Amino acid sequence: MIVLDAGAMVVLPADAGPVGTAVRARVTGEKIIAPYPIDAEAASALLGRHRGGKLTDAELDEAWDNYA
């Protein structure tokens, strides 16, 4: 069992680089749990990445769909 915080949860669907790859590899096959406010934190982090220019509109939509 792995407890994820919002930072790790966001890179799962939204980071195609080495960090996202490493997080996905670590959680593969594991039961994942997260604190109850994770949805609000993940939404905030994804929107922050979008506002910061790290995600396009399409990437944001895809990341949120994958998160959901």
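**Entry 1: the fold.** I read the elements from the N terminus on and found the order β-α-α-β-α-α, with four helices and two strands in the protein; helices (H or I, at least four residues) and strands (E, at least two) are DSSP runs, numbered from the N terminus. I note that this is a predicted model, in which local features need pLDDT of at least 70 and side-chain atom pairs count only at pLDDT 80 or more, while totals for chains, interfaces and linings use all residues. Residues are numbered from 1 along each chain as its sequence is written, and side-chain values use heavy atoms, with hydrogens and water left out.

**Entry 2: overall dimensions.** I looked up the radius of gyration, taken over C-alpha atoms, and it is 12 Å, which agrees with the value near 11 Å for a compact globule of 68 residues by the rule of 2.2 Å times the number of residues to the power 0.38. Along the principal axes, the C-alpha atoms fill a box of roughly 30 × 25 × 15 Å. Of the contacts (heavy atoms within 4.5 Å) with a separation of 6 or more, 60% join residues 24 or more positions apart.

**Entry 3: helix H2.** Which residues of H2 are buried? I took buried as under 20% relative accessible area, exposed as over 50% and partly exposed as in between (1.4 Å probe, protein chains only), and for H2, residues 18-27, the buried ones are Gly20, Val23 and Val27. They lie on the same side of H2, because they cover an arc of only 65 degrees around the axis, the arc being that of the directions from the helix axis to the C-beta atoms. An α-helix has 3.6 residues a turn, so residues three or four places apart point the same way. I then checked what these buried residues pack against, and found strand E1 (2-3), helix H1 (6-14) and strand E2 (32-33). The face of H2 turned away from the buried side carries the exposed residues Pro18, Ala25 and Arg26. After H2 comes glycine 29, with a positive phi near 80 degrees.

**Entry 4: alanine 43.** I turned to helix H3 (residues 38-51), where alanine 43 lies. Is alanine 43 buried or exposed? Alanine 43 counts as partly exposed, because its relative accessibility is 24%. Its C-alpha atom is separated by 9.0 Å from that of alanine 6, although the two residues are 37 residues apart along the chain.

**Entry 5: burial over the chain.** I close with the whole protein, where buried residues make up 29% of the 68 residues.
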